[in-house]
Each structure stands twice: as structure tokens, then as C-alpha cells.
Amino acid sequence: MTAEATGEWHGWRAATQAALYGPGGFYRRPEGPVGHFRTSVHASPLFATAVARLLCRVDEALGRPGSLDFVDMAAGRGELVAGVLAALPAEVAARTRAYAVEIAERPETLDHRIEWLPEPPRRITGLLFANEWLDNVPVEVAEVDSTGVPRLVLVRRDGTERLGDPVAGAEARWLARWWPLGDRDAATAGEDAPAAEGLRAEIGLPRDEAWAAAVATLERGLAVAVDYAHTVSARPPFGTLTGYREGRETAPVPDGSCDITAHVALDACATACTLPGARLLSQREALHALGITGARPPLALASTHPADYVRALATAGEAAELTAASGLGDFGWLVQPVGIPSPLEPAA
């Protein structure tokens, strides 16, 4: 850290790390993430059902091994991994070793079959699933100054910001490749592309590295990252850094009182691994491929089996929420097979 960032001023990466994961940090609080925001896991048990179906496809691609791993990254309080175990066919569940990866303390009521770890195990054969993990891997924030130079943004514990040193080294190279801050219209026209004052970017290099490290734990199987995402052709001009507290979006203040998150450059993460077969899908495409469509039940069922119709209608509503455009359906899924054909392809 430079002299300019010492004392109470820190880069957003260090400030977020302390606020989320340090002593007394947001993710160590007893209520857990569900006390502050709602993910696909909390929206409907259908999400765990879909992940269980995906794990079964991975199992088939692996030749039904005697031991099948399921790793839930950033497991919260274990809601997803518990739901997946409950949704698996009995024969597959009997062979499944379930791991919840989380820094918080293990919930007392969690299923005894689930192993609670601070980092993923090595030599995984199965499915590593990271739902809304990468968006909480802390990153630096850059902002263009009045002379057109991208500089690191420094922040105090109360959220006050100022500009620090120019972005340099590997971070500057990442920006140039994955989040160029020049004028896109000018660049498209083949002209010089000066950077306008106030443009911002989140430098996703730590997320690329975190994803590559997670994939490296797999011997054979599939790794999936699910997050709010954007691609290089449509980066938001002022970044996406924000906070969540008690179900409401709020200013990102790195004092441990709120979640601090930013959307993920999943296209950059996809190239961080040298393995072939990486694919980006929307959640809508992925869940449709796993049989979660939101289709309404036939109306005739209402007269022949009204209770079944009501249940099917409720299920269709939950599926519709998980796959909705401009909502959860727009989440990105980064799918990386390791030593197997991809078991997840969009429905025709």
C-alpha cells in the first residue's frame, strides 16, 4: 500500500476485505446473508432442485463414481447444499460428499452429512457451485481524473472517497483489456478515445484469480459461477459498486454494517483458466436446460385435480421468478467443464 493510502484511507479492495470478512465483518454476523438480501437460493427450492439435477448430470458424465463431490462456495448458512442433498435421488445422495465453504461459524442445525470448510477441498470429483460468490471477492475501484488518467479510488470507513495513485502494472493491463475507460464511440470510429472524467470501473483481476484457483481444485467434473454480470461490450460507465442492508440497496460503506458487492466481469473470469470448454449462459438459459421453465399447468387440471393445479401454479410462479428477464433470469452462469463433456447445454 502506498503512503497515500495509509492511515484511514484504503483502496476499496482492502476496505471491503476488512468490512466483509474481518473480525466483526458483515459475513461473520449471526443472521447471515439472508437477513439482508434474497438470492435465487432463497427465492425458491426449485433452484436447489435444478442444481441437484445438474449434479446428477455430472455424475453420469463421470461414470457414476463411488464418491461424488458437491462443493457449495460461499454457502451462507448452508441453505443450498442442504437443499441439493434433499433433492437428490437416494442412490446419488448416498454417494455424495457435500461441502459448504464459508468463513462464518457452522450452523448448529446443519445436516451432519455436510462438511463445513473455510476453503474448498482439493482433488474434487464432481460439481463445484459458486452462487453469488465472485461478486463479494473484493476488488479495487478506478476512476478517471480531470486529466483523463484512471486512478485508484481510496475510501474511509464512513464511505468518503478520494482519488489515489494512477492505476499501474497488472491492474492497468486488466483495465486496458477488459474494461477500457476511453470513449467507446470514438474508439469504434477509429479515433483517439480519451477517457472522460468521472468514468469508473471495478478491476476484476482478483476475481479472475479466485475463479482460476477454485477451478484448479477439480480433478474431473464441472465448476459453475452464478452472478450478476456484464461483458466487455457493455460495461456500465460508472461501475456497479453498491451495498445492501436489511433487504434494501444502500450506499457501500465499508464499516461492516452492510454487504458490499459489484457485478462480475464473467467474460474475463472465463479466460483466466487455460482449460477448454468455458461457456457463458444466462440463468434463464441454464434453468430451462435443467427443466425449470415457468410454464403454466394445463387449465384442465384445475377441474380434474384442483389441489394439484394450485400447487403446480405456485411452482410455475417460482420458476418464472427464477428465470425472469430483467430479474434473476439475467444472472450470468459461467460453466467450466474439467475432463468431461459439458453436461449443461441450452435447450433447443
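In what follows, helices and strands are DSSP runs, numbered from the N terminus, with a helix having at least four residues and a strand at least two. The structure before you is a predicted model.

Let me begin with the chain as a whole. The chain comprises 348 residues, of which 50% are buried. Its secondary structure consists of twelve helices and 15 strands. If we take the contacts between residues at least 6 apart in sequence, 74% of them join residues at least 24 apart.

I turn now to the enclosed space. How many cavities of 30 Å³ or more does a search of the whole structure find? The search finds two. The largest cavity holds about 60 Å³ of space. It is lined by 13 residues, and those closest to its centre are Thr16, Pro138, Val139, Arg207 and Leu241. Helix α1 and strand β13, residues 259-261, each supply at least two residues of this lining. By character, the lining of the largest cavity divides into eight nonpolar, three polar and two charged residues.

Where does the largest cavity lie with respect to the domains? Its lining takes residues from both domain 1 (10-17 + 138-201) and domain 2 (26-137 + 205-295 + 325-338), and therefore the cavity lies between them.

The second largest cavity contains about 30 Å³ of space. Among the residues lining it are Trp174, Trp179, Glu202, His230 and His263. Arg207 belongs to this lining as well, and we have met Arg207 already among the residues closest to the centre of the largest cavity. Four nonpolar, three polar and two charged residues make up the lining of the second largest cavity.

Next, the open space. The largest pocket has a volume of about 750 Å³. Lining this pocket are 37 residues, with Tyr21, Met73, Ala74, Val101 and Trp133 closest to its centre. Which helix gives the most to the lining? That is α8, with four residues. At least two residues each come from α1 (12-21), α2 (40-43), β2 (68-73), α4 (79-87) and α8 (205-215). The pocket lining comprises 21 nonpolar, seven polar and nine charged residues, and at least three residues are drawn from each of domain 1 and domain 2.

Two of the residues closest to the pocket centre, Met73 and Ala74, lead us to Asn131, since Asn131 is in contact with Met73 and Ala74, as well as with Thr39, Val41, Phe47 and Val226, once neighbours within four places in sequence are left aside. Asn131 sits in strand β5, residues 124-131. Is Asn131 buried or exposed? Its relative accessibility is 7%; buried means under 20%, so Asn131 counts as buried.

Finally, I would draw your attention to strand β6, residues 140-144. Five of its five residues are buried. Glu140, Ala142 and Val144 point one way from the strand, whereas Val141 and Glu143 point the other way. Strand β6 has two pairings to describe. With β9, residues 200-203, β6 pairs in the antiparallel sense over four bridges, and here Glu143 stands opposite Arg200. With β7, residues 150-155, the arrangement is again antiparallel, with three bridges, and Ala142 has Leu152 as its bridge partner. Together β6 and β7 form a hairpin with five residues between them. In the turn of that hairpin, Gly148 has a positive phi of about 90 degrees.

Conventions:
Residues are numbered from 1 along each chain as its sequence is written. This is a predicted model: local features need pLDDT of at least 70, side-chain atom pairs count only at pLDDT 80 or more; totals for chains, interfaces and linings use all residues. Side-chain values use heavy atoms; hydrogens and water are left out. Buried means under 20% relative accessible area, exposed over 50%, partly exposed in between (1.4 Å probe, protein chains only). Contact means heavy atoms within 4.5 Å. On a 1 Å grid over the protein atoms alone, a cavity is a set of points where a 1.4 Å probe fits but cannot get out, and a pocket is an open set with protein on both sides within 12 Å along at least five of seven lines; lining residues have an atom within 4 Å of a point. Grid points are joined across faces, edges and corners, and a volume is the space filled by probe spheres set on the points. Ala, Val, Leu, Ile, Met, Phe, Trp, Tyr, Cys and Pro count as nonpolar, Asp, Glu, Lys and Arg as charged, and the others, Gly among them, as polar. Domain bounds come from an automatic or database domain assignment. Two strands pair if DSSP finds at least two bridges between them.
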